[in-house]
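Q: Please take a close look at one helix and at the packing around it. I would like a careful, connected account rather than a list.

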Amino acid sequence: MQAFTLPAFYLPHPARINPNLERARTHSAAWARDMGMLDAATPGGDLVWDDDRLARMDYGLMCAYTHPDCDGAMLDLITDWYVWVFFFDDHFLEHFKYSHDMRGAQAYLDRLELFMTGSPPEPTSPAELGLADLWARTVPTMSDGWRQRFVTSTHNLMVESMWELDNIDRGRIANPIEYVQMRRRVGGAPWSANLVEVAVGAEIPDSVASTRPMRVLSDTFSDAVHLRNDLFSYQREVQEEGENSNAVLVFERFFDIPTQEAAELVNDQLTSRLHQFENTAIIEVPALLVENAVLPHEALGVAAYVKGLQDWQAGGHEWHARSSRYMNEGAAATSALGGPTGLGTSAARSPGLAVRARSYTHASFVPVGQLPLPELYMPYPIRTSPHLDEIRHYAVGWARSVGFFDSVPGVEAGGVWDERRFVGFDFAHCAAMIHADASVPELQVSSDWLAWGTYADDYFPLIFGTRRDLVAAKLANDRLSLFMPLDVGAAVPDPLNPMERGLEDLWRRTAGPLPASARAQFRVAVEDMTSSWLWELANDAQHRIPDPVDYIEMRRRTFGADLTASLTRLPHANSVAPEIYQTRVMRELETAAQDYAAFTNDLFSYQKEVQYDGEIHNMVLVVEHFLGVDRIVARDVVADLMRARMEQFEHIVATGLPALFEEAQLDEEARAILTRHADDLKEWMSGILEWHRKCIRYTPAELERMRTPAGLLPTGFGTSAVRLAVMAR
């Protein structure tokens, strides 16, 4: 009996099958035998695979569905890659996951990575022999850029298996945010996306490979593949094999709901990720290609890549519905090949229409009242710098000197802020708590960055959002980079507004003392924040509430989390190797803290953003619309996510950091710096929470004071409807 009834899947693209299927089946079976995969034994003496099991799993069918257009030789190569990766997964399970042999698993993975180098050792196992063979057959035909991406994704799917193993060993189930971003690394779908480039014979141009649209295409593809797999594999993985890395189980435990309900919720998230894929492909990618002057043949290659990802989604579902590897009773009847086709049948094949509709039907400026705040879990104390009063006095003078209180063209009878508002915001208090041990000059820089980031974040929607002038916003954002030269002595343009004037001053004071590599990283952190405001404006123009995963990942940028964290991390850049900060431990430590802080802001700012600003970028609102619940239930979900991320942060500090110190063999200086970084993040979270409790920015009294539109509404062509709507509230 199945663990649950499979939900109705959103299947926007019909599955097709490659005519070279039988050739691939025959070839892959012979290849697996030649690599020794059908002779590999489990610790108990049984075979990991035999001929019958390999035939029933039918990876030839999977690849014929997921790559319907490639020729026979290419389909053979792609199928061999999938035979290898599934053998690796099953072999690793038998030898290391069941026995919880952490040390043996790490040694096994370390050696396997050597086969992605220019001088690999002699293979001693089927997994090593298979990887060596495939590497030699694939990599020489691809560019250096593709090779680097593929090495990274192959490394992730192998090495991050240790995360799954560690959770099994501890009996620990991940929280939903952690699960999605870790599953993306360990699940292998980014690796599959790299192989799509091979199969379609078109690589992503290096000039756009690292941009948001291409990253989101890969991430949404990957998340959808993994969530679909989790639905089909729940019974085998959770009930039969004792694994705990499965989205259905994660949602069951986090939301405390029955398995069937959890499966439906996972399917809704799968559908939402597919909608995000479509939105990115249709709206963001064409603009990206034009903006970067991508050549016509390269643009055709990107289009082929997008189509290849669509084919993979459709074919992957079809294979899951038929493979003996999975729980799939009744699934084939709902597949794209078996469903209705033709005019008027899209709704029958697209049960995700309701999920999509919820993203576009939000009513703006609805009176919601102040959101009652729940009890928030905060295990760390608040400390405050003794220099607070001095910084408060300084901060007002700096804001005045760069023009934050000046009139701004297009805003009637005033500017973005007045001095009274600025004093009430009290950014000096926030800086004094998040950097309690900083010197006076360091606190000045910290307070000024907080003020500048908040001013610019208010400036963009006020000046550009009400007009939906995305072009002007893009030009304004592009100009900001001119005020951040990597050579801090280089000339910059004359600033045209307070935003540019403040950035020019801050960059000179902040970037000058940094090492060159750290300066470049800090510039990226600032640009990530400012460009994320364009993402918000684009969603506003579509009146589209973001997909939850996309919102969480972009919220870290819109909140400027990496910028403020960089102020304490980057001065030590030469003392800790950059790759340490890219490890799972440090990445999860920082993103857990960032999510806690950003969600804190969303709870406190709910009324301001939803009722007064007409905003759609708020985690409470995103949860409301995704789950179809009221604001109180959504608030509690957000608070539960904050607790889960904080508990994950505590878990990493207690177990992950010490393990990283040993595994990386860090010296005492590096250990002290990373320990201090974790302590800084603790104070960052507690300080941000306390600042929100004390500042006036989100209080009903201040919101009512600023309600009068005369001082802050934009003027000029195209703004009358906005002014009338606000005055009618």
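What follows is about a single helix and the parts that surround it.

A: The model is a predicted one, and the part chosen here is helix α22, which covers residues 498-511. At 1.5 Å a residue, its 14 residues should span 20 Å, and the end C-alpha atoms are 19 Å apart, which agrees with that expectation. At the N-terminal end the helix is capped by N497, whose side chain places an oxygen 3.1 Å from the backbone nitrogen of M499.

Ten of the 14 residues of α22 are buried, so the helix is largely enclosed by the rest of the structure. These buried residues are P498, M499, E500, G502, L503, D505, L506, W507, T510 and A511. The elements that cover them include α17 (388-402), α20 (440-465) and α21 (470-482), together with α23 (516-542) and α25 (561-569).

One residue through which this packing can be followed is W449, which, leaving aside its neighbours within four places in sequence, is in contact with L503, L506, W507 and T510, and also with F522, V526, L563 and L567. In soluble globular proteins, nonpolar side chains tend to be buried together. Here the largest nonpolar core has 120 residues, and W449 is among the four members that touch the most others, the remaining three being F404, W452 and F460. The largest share of this core, 14 residues, is contributed by α20. Another core, of 110 residues, lies apart from it and has A32, I78, M162 and A174 among its members.

Beyond the helix, two backbone positions deserve a separate look. Most residues other than glycine have a negative phi. D426, although not a glycine, has a positive phi of about 55°; D426 lies in the loop between α18 (419-425) and α19 (427-434) and is buried, with a relative accessible area of 15%. Q665 likewise has a positive phi, of about 50°, without being a glycine; Q665 is placed in the loop between α30 (631-663) and α31 (668-694), but is exposed, with a relative accessible area of 71%.

Finally, with a disulfide taken as a pair of cysteine sulfur atoms within 2.5 Å, the count comes to zero. The sulfur of C70 is 8.4 Å from the closest cysteine sulfur, that of C63, and this is too far for a bond; C70 counts as buried at 9% relative accessibility. C430 is in no disulfide either, the nearest cysteine sulfur being that of C695 at 8.6 Å, and C430 too counts as buried, at 5% relative accessibility.

Technical notes
Residues are numbered from 1 along each chain as its sequence is written. This is a predicted model: local features need pLDDT of at least 70, side-chain atom pairs count only at pLDDT 80 or more; totals for chains, interfaces and linings use all residues. Side-chain values use heavy atoms; hydrogens and water are left out. Helices (H or I, at least four residues) and strands (E, at least two) are DSSP runs, numbered from the N terminus. Buried means under 20% relative accessible area, exposed over 50%, partly exposed in between (1.4 Å probe, protein chains only). The expected span of a helix is 1.5 Å times one less than its number of residues. Contact means heavy atoms within 4.5 Å. A polar contact is a pair of N or O atoms within 3.5 Å; within protein, one must be able to donate a hydrogen and the other to accept it, and residues adjacent in sequence count only if both atoms are side-chain atoms. A nonpolar core is a set of buried Ala, Val, Leu, Ile, Met, Phe, Trp, Tyr and Cys residues joined through side-chain atoms within 4.5 Å.
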